[in-house]
Amino acid sequence: MGSFVSIPGFSREQCCRLRGFESLEQGDVGSICSAIRDEEVVYMLVIWSILAFLISSLCWIAGDALIVGFRKPDRREHGEFIELMGDDAYAFYTRINEPRLRWGALVANYSIPLMLAGLYAHWVLLRGSAIGVAGVVLLGIGFCLSPLAHATFYPLALASERAYIAYSAAGDGEEPDETVLEHARRLHRFLVAAWVPAIGLTALGWVLVCIALGSGATAFPWWSLFLTPPVQALPWFALTRLPYPGKPLLDGALFNIVNLVWAIAFLLLMVSHPVT
């Protein structure tokens, strides 16, 4: 056996974690230095990527709290209006705070580049699994579709308030302005058409990520799948049903709460299972 090759500026531990080198007695020193630097660059990019994902998750939680964090309508008060409109979604917005809704729509929308940047960390983690890569692609598509679905709550709220005013202004035996009511219904149909594909593709992407993690094809242990959004959704859904300060602000933010949980877990797992 030859002697250990000393590389200025690098510890032996840094060298020993290189993939593709059976021993450090062989190989070109320049190539070893380059490989070490490449791994360190990727490691830092992964950290920045998942931090971007974490910040975006916080922005989306704030956006959800502002735009959908309202108490469920009381059917004793709004039952007739709900029956007229065909859904209780309109009754959430009988009285609105326009600046709150506007910022709720915008804060999430403007942070989506950070969420997309967070996919880099997931790609590095999952690139050894075809299923995992497919999951990252689906997540990217779902994330791209999500801002439209989220922001549509803003015009729906404005139209719902107008519909409620029209309903309230109608006298006994009079019909509310059907044009105003139908405008709100059309926006609600648009919201559903935008929301279902975004959530569906995102959910499917996370399921594929779970499968890849559970198969052991990544740097993370198999049990890390229990920290992913699909698995975390159940306990966090139960928690949002319980009393908490500020309720119901977070009741509509479940999807982004579990994204935040996963981002924190990802960072903690990086300590013992570095992704490079």
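The secondary structure of the protein chain, as it appears in this predicted model, comes to 11 helices and zero strands. Read from the N terminus on, the elements run α-α-α-α-α-α-α-α-α-α-α. The protein chain has 276 residues, of which 44% count as buried.

## How some of the helices are arranged

Helix 7 spans residues 130–151, and helix 6 spans residues 119–126; the axes of these two helices come within 9 Å and cross at roughly 165°. Because an angle over 145 degrees counts as roughly antiparallel, helix 6 is roughly antiparallel to helix 7. The crossing of this pair, helix 6 and helix 7, is right-handed.

Helix 7 also has a crossing with helix 9, where the two axes come within 7 Å at an angle of roughly 155°. Helix 7 and helix 9 are therefore roughly antiparallel to each other as well. The crossing of helix 7 and helix 9, however, is left-handed, whereas that of helix 6 and helix 7 is right-handed.

## Helix 9 and the nonpolar patch

Which residues make the nonpolar surface patch of about 310 Å²? The patch is made by Ile131, Leu204, Val207 and Ile211. Helix 9, which covers residues 178–214, gives the most to this patch, with three residues. Leu204, one of the residues of the patch, has its place in helix 9, and with a relative accessibility of 42% Leu204 counts as partly exposed.

Cys210 also has its place in helix 9, but is Cys210 buried or exposed? At 12% relative accessibility, Cys210 counts as buried, because the cut-off for buried is under 20% relative accessible area. Between Cys210 and Ser224 there are 8.4 Å in space, C-alpha to C-alpha, while in sequence these two residues are 14 residues apart.

## Salt bridges

Side chains of opposite charge can pair when their charged atoms come close. A search of the whole structure finds eight salt bridges, and the table sets out some of them, with the distance from N to O.

| Acidic partner | Basic partner | N to O distance |
|---|---|---|
| Glu178 | Arg185 | 2.8 Å |
| Glu182 | Arg186 | 3.9 Å |
| Asp251 | Lys247 | 3.1 Å |

In the salt bridge of Glu178 with Arg185, the closest N and O atoms are 2.8 Å apart. Glu178 counts as partly exposed, at 43% relative accessibility, whereas Arg185 is buried, with a relative accessible area of 13%.

The side chains of Glu182 and Arg186 meet in another of the salt bridges. How many residues apart are Glu182 and Arg186 in helix 9? They are four residues apart, which is about one turn of the helix. Glu182 is partly exposed, with a relative accessible area of 22%, while Arg186 is exposed, because its relative accessible area of 54% is over the cut-off of 50%.

For the salt bridge between Asp251 and Lys247, the distance from N to O is 3.1 Å. Asp251 is partly exposed, with a relative accessible area of 21%, and Lys247 is likewise partly exposed, with a relative accessible area of 24%. Elsewhere, salt bridges that share partners join Glu178, Glu182, Arg185, Arg186 and Arg189 into one network.

## A cis peptide bond and a pair from helix 2

Lys247, the salt-bridge partner of Asp251, is also joined to Pro248 by a cis peptide bond, for which omega is about 15°. Where is Pro248 found? Pro248 is found in the loop between helix 10, residues 229–240, and helix 11, residues 254–272.

Leu45 has its place in helix 2, which covers residues 29–68, and Leu45 is partly exposed, with a relative accessible area of 42%. Although Leu45 and Ala117 are 72 residues apart in sequence, the distance between them in space is 10.0 Å, C-alpha to C-alpha.

Definitions and conventions: Residues are numbered from 1 along each chain as its sequence is written. This is a predicted model: local features need pLDDT of at least 70, side-chain atom pairs count only at pLDDT 80 or more; totals for chains, interfaces and linings use all residues. Side-chain values use heavy atoms; hydrogens and water are left out. Patches are made of residues with over 30% relative accessible area and no salt bridge: like charges are joined within 9 Å, nonpolar side chains (Val, Leu, Ile, Met, Phe, Trp, Tyr) within 5 Å. Accessible areas come from the Shrake-Rupley method with a 1.4 Å probe; for residues, only the protein chains shown count as cover. A salt bridge is a side-chain nitrogen of Lys or Arg within 4 Å of a carboxyl oxygen of Asp or Glu. Buried means under 20% relative accessible area, exposed over 50%, partly exposed in between (1.4 Å probe, protein chains only). Axes are lines fitted to C-alpha atoms, for helices over the stretch in contact, and angles run from 0 to 180 degrees between N-to-C directions. Angles under 35 degrees count as roughly parallel, over 145 as roughly antiparallel, 65 to 115 as roughly perpendicular and the rest as oblique. A crossing is left-handed if the near helix is turned anticlockwise from the far one by less than a right angle, and right-handed if clockwise.
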